[in-house]
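This briefing goes through one protein model, from its overall build to selected strands, side-chain pairs and a pocket. Please keep the sequence and the structure in view while reading.

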Amino acid sequence: MKASTIVFFLVATLIVFLGHFYIWTRLVRAPGWPAPWATVGTVALIALALVVPLVMPLTRVLPRAWAGPLSWIAFFWMGFGFLLTVSVFASDLLRWMGLGAASLWALLATKDPADPIRRELLTKGTAAAASVLALGSGAVALRGGLGEVDVVEVPIRLERLPPQLSGYTIVQLTDVHIGPLIGSRFVEQIVAKTNAERPDAIVITGDLVDGSVRELARHAEPLARLAARDGVYFVTGNHEYYSGVEEWLPYLERMGIRVLRNERTSLGGSGASFDLAGIDDEWAVRHGRGHGADLSSAVAGRDPERELVLLAHQPKAIAEAAAAGVGLQISGHTHGGQIWPFTGLVHLAQPYVAGLHRHDELTQIYVSRGTGFWGPPMRLGAPAEITRLVLT
């Protein structure tokens, strides 16, 4: 295991334990619940704090029959625990504001500050309110994560697109995350919806799988039925490099999905066409063995008068894409934040989180919110999508 992976795991584990300590402090210790409820709450939170860091590595090595149930437990708590932490923090802000206002009023009125009993009631009341808020938002998020995926149509005007190709449709799938929680039934549904759009081309912009070919081949098999006039194209995401990329790439090629690795092809007919390029994920260079994003190789020798569409898993590739004359970059990776308010944190790492944006006078970027989900089977404020890009 690489040193960077170990450091990431240790930092993530520390964050998990700090979050659980905060929840314990606010929901168990501060309200002063009588025995045995305080003990039960403490033991439960210790167990739940251990679930996520223990189960996540196990899902990489256990058979899917074992990894699936364990993942449901760990990832459900990951999502609900996040919402509970946010709800507790929000209730704390309101409580602090209320206590501050009460103390100020008592000071101005020269009265004694609020009595301890009232403070205890306020503490217990805010703890209960935070729990109810987390349960409600968790239920909504579960419905969003496990519901059907809608097709989102996005018209995009490209200045260099030949007029004969106006109306050209590209359907984007991204961040499907076939793995312990997403299997063949879900894949069959998105394949049927994608083919129903009768696209000119289909692109898959990374993070397709979370597991080995041996474990997931049966669940990925419906992808062989994807059909588009000009073909199906794929670029790697960071999760392919955790899942045995050397086996997945030839497997996808055998299913009729062309993998673009720092290269380009032409879409359209002999009379009118444009360039489609694809690059490895930015983190691929850590994998070695010839992997790594290389846009200069992908665009070398191209006619700058032709329109150029780039497939890049992470939106942060946009700066180099704009410098290379890309007209449209199609990306994923962010999941649109997946669970609000995590969206704000994603903005710290990526220049664009969701939707269509004009980066400069020539270059635009579309960032999908993702077709599946990673981790918690939840989506809140960031619904999943199959994207139908209509070029004009």
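What share of the contacts in the protein with a separation of 6 or more is accounted for by residues 24 or more positions apart? In this predicted model, residues 24 or more positions apart account for 76% of those contacts. The protein has 392 residues, of which 50% are buried, and its secondary structure comprises 10 helices and 12 strands. Taken along the principal axes, the C-alpha atoms fill a box of roughly 85 × 50 × 40 Å.

**Strand E12 and its partners**

- Strand E12, which spans residues 385-391, is mostly covered, with 7 of its 7 residues buried.
- The cover extends to both faces of E12, since Glu385, Thr387, Leu389 and Leu391 are buried on one side, while Ile386, Arg388 and Val390 are buried on the other.
- Strand E1 (residues 150-156) pairs with E12 in the parallel sense over 7 bridges, and within this pairing Val154 has Leu389 of E12 as its bridge partner.
- Strand E2 (residues 168-173) also pairs with E12, but in the antiparallel sense and over 5 bridges; here the bridge partner of Val171 is Arg388.

**The hairpin of E6 and E7**

- Strand E6 (residues 263-268) and strand E7 (residues 273-278) pair in the antiparallel sense over 6 bridges, and the two strands form a hairpin with 4 residues between them.
- Within this pairing, Glu263 has Gly278 of E7 as its bridge partner.

**Salt bridges**

- The count of salt bridges in the model comes to 16, and the pairs described below are among them.
- In general terms, side chains of opposite charge can pair when their charged atoms come close.
- Glu197 forms a salt bridge with Arg388, in which the closest N and O atoms are 3.2 Å apart. This pair links distant parts of the chain, as Glu197 lies in the loop between H5 and E3 and Arg388 in strand E12, 191 residues apart.
- The two partners differ in their exposure class: Glu197 counts as partly exposed because its relative accessibility is 24%, whereas Arg388, at 18%, falls under the 20% cut-off and therefore counts as buried.
- Glu197 and Arg388 are also linked with Glu153 in a network of salt bridges, so that Arg388, which serves as the bridge partner of Val171 in the strand pairing, takes part in this network as well.
- The side chains of Glu148 and Lys193 meet in another salt bridge, with an N to O distance of 3.1 Å. Glu148 lies in the loop between helix H4 (116-146) and E1, and Lys193 lies in helix H5, so this pair ties together parts that are 45 residues apart in sequence.
- Of these two residues, Glu148 is exposed, with a relative accessible area of 64%, while Lys193 is partly exposed, with a relative accessible area of 25%.
- A further salt bridge joins the side chains of Glu159 and Arg157, at 3.3 Å from N to O; Glu159 is exposed with a relative accessible area of 57%, and Arg157 likewise counts as exposed at 55% relative accessibility.

**Asp200, a loop residue**

- Is Asp200 buried or exposed? Asp200 counts as buried because its relative accessibility is 14%, and its place in the chain is the loop between helix H5 (184-196) and strand E3 (201-204).
- Leaving aside neighbours within four places in sequence, Asp200 is in contact with Gly167, Tyr168 and Thr169, as well as with Ala228, Arg229, Asp230 and Gly231.

**The second largest pocket**

- The second largest pocket holds about 340 Å³ of space and is lined by 13 residues, of which Leu27, Val28, Trp33, Trp37 and Gly41 lie nearest its centre.
- Helix H1 (3-29), helix H2 (37-58) and helix H3 (64-108) each supply at least two residues of this lining, and the largest share, 6 residues, comes from H2.
- By class, the lining of the second largest pocket consists of 11 nonpolar and 2 polar residues, with no charged residues.

Key. Residues are numbered from 1 along each chain as its sequence is written. This is a predicted model: local features need pLDDT of at least 70, side-chain atom pairs count only at pLDDT 80 or more; totals for chains, interfaces and linings use all residues. Side-chain values use heavy atoms; hydrogens and water are left out. Buried means under 20% relative accessible area, exposed over 50%, partly exposed in between (1.4 Å probe, protein chains only). Two strands pair if DSSP finds at least two bridges between them. Contact means heavy atoms within 4.5 Å. A salt bridge is a side-chain nitrogen of Lys or Arg within 4 Å of a carboxyl oxygen of Asp or Glu. On a 1 Å grid over the protein atoms alone, a cavity is a set of points where a 1.4 Å probe fits but cannot get out, and a pocket is an open set with protein on both sides within 12 Å along at least five of seven lines; lining residues have an atom within 4 Å of a point. Grid points are joined across faces, edges and corners, and a volume is the space filled by probe spheres set on the points. Ala, Val, Leu, Ile, Met, Phe, Trp, Tyr, Cys and Pro count as nonpolar, Asp, Glu, Lys and Arg as charged, and the others, Gly among them, as polar.
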